[in-house]
Amino acid sequence: MALLECKNVSLAYEGKTIVSGLDFKVEKGDYLCIVGENGSGKTTLMKTLVGLKSASDGEIIFSEGLSQKNIGYLPQQSSFQKDFPATVRE
């Protein structure tokens, strides 16, 4: 059984559907790389997988023993890390 499976998932951002019909599985030992243009739904997908957003349609299935709390998410940029890596000024 897959650790994580998305079946016909649709994602929306600010009321606009940006991804529809998304199907994939993540098996034990798999690596997953999410690549796409700005605004294509990468961050929305990650926020959905960790439970910060809801899918507008479809189903996300977690295997027994795995939940949204077990998935890590590090945002690309936030207000507290704008200077990271820090630059030392004299």
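The three strands of this predicted model form an open sheet in the order β2-β1-β3, with antiparallel pairing. Strands pair when DSSP finds at least two bridges between them; strands (E, at least two residues) and helices (H or I, at least four) are DSSP runs, numbered from the N terminus. At the edges stand β2 and β3, each with a single partner strand, so one side of each has no neighbour in the sheet. From one strand to the next, the twist averages 25°.

Here are the strands and their residues:

| Strand | Residues |
|---|---|
| β1 | residues 4-13 |
| β2 | residues 16-26 |
| β3 | residues 57-62 |

Seven antiparallel bridges join β1 and β2, and A12 stands opposite T17 in β2. Helix α1 (residues 42-49) packs on the sheet and touches β1, β2 and β3, its direction making about 125° with that of β1. Such angles run from 0 to 180 degrees between N-to-C directions, with axes fitted to C-alpha atoms, for helices over the stretch in contact; contact means heavy atoms within 4.5 Å.

Now meet T48, which sits in helix α1. T48 is buried, at a relative accessible area of 2% (buried is under 20%, exposed over 50%, partly exposed in between, with a 1.4 Å probe and protein chains only). Leaving aside residues up to four places away in sequence, T48 touches L11, K53, S54, A55, I60 and Q68.

How confident is the predictor? The chain averages a pLDDT of 85, and 83% of the residues score at least 70, on a confidence scale from 0 to 100 for each residue.

Residues are numbered from 1 along each chain as its sequence is written. Local features need pLDDT of at least 70 and side-chain atom pairs 80 or more, while totals for chains, interfaces and linings use all residues, and side-chain values use heavy atoms, without hydrogens and water.

Conventions:
pLDDT = per-residue confidence, 0-100.
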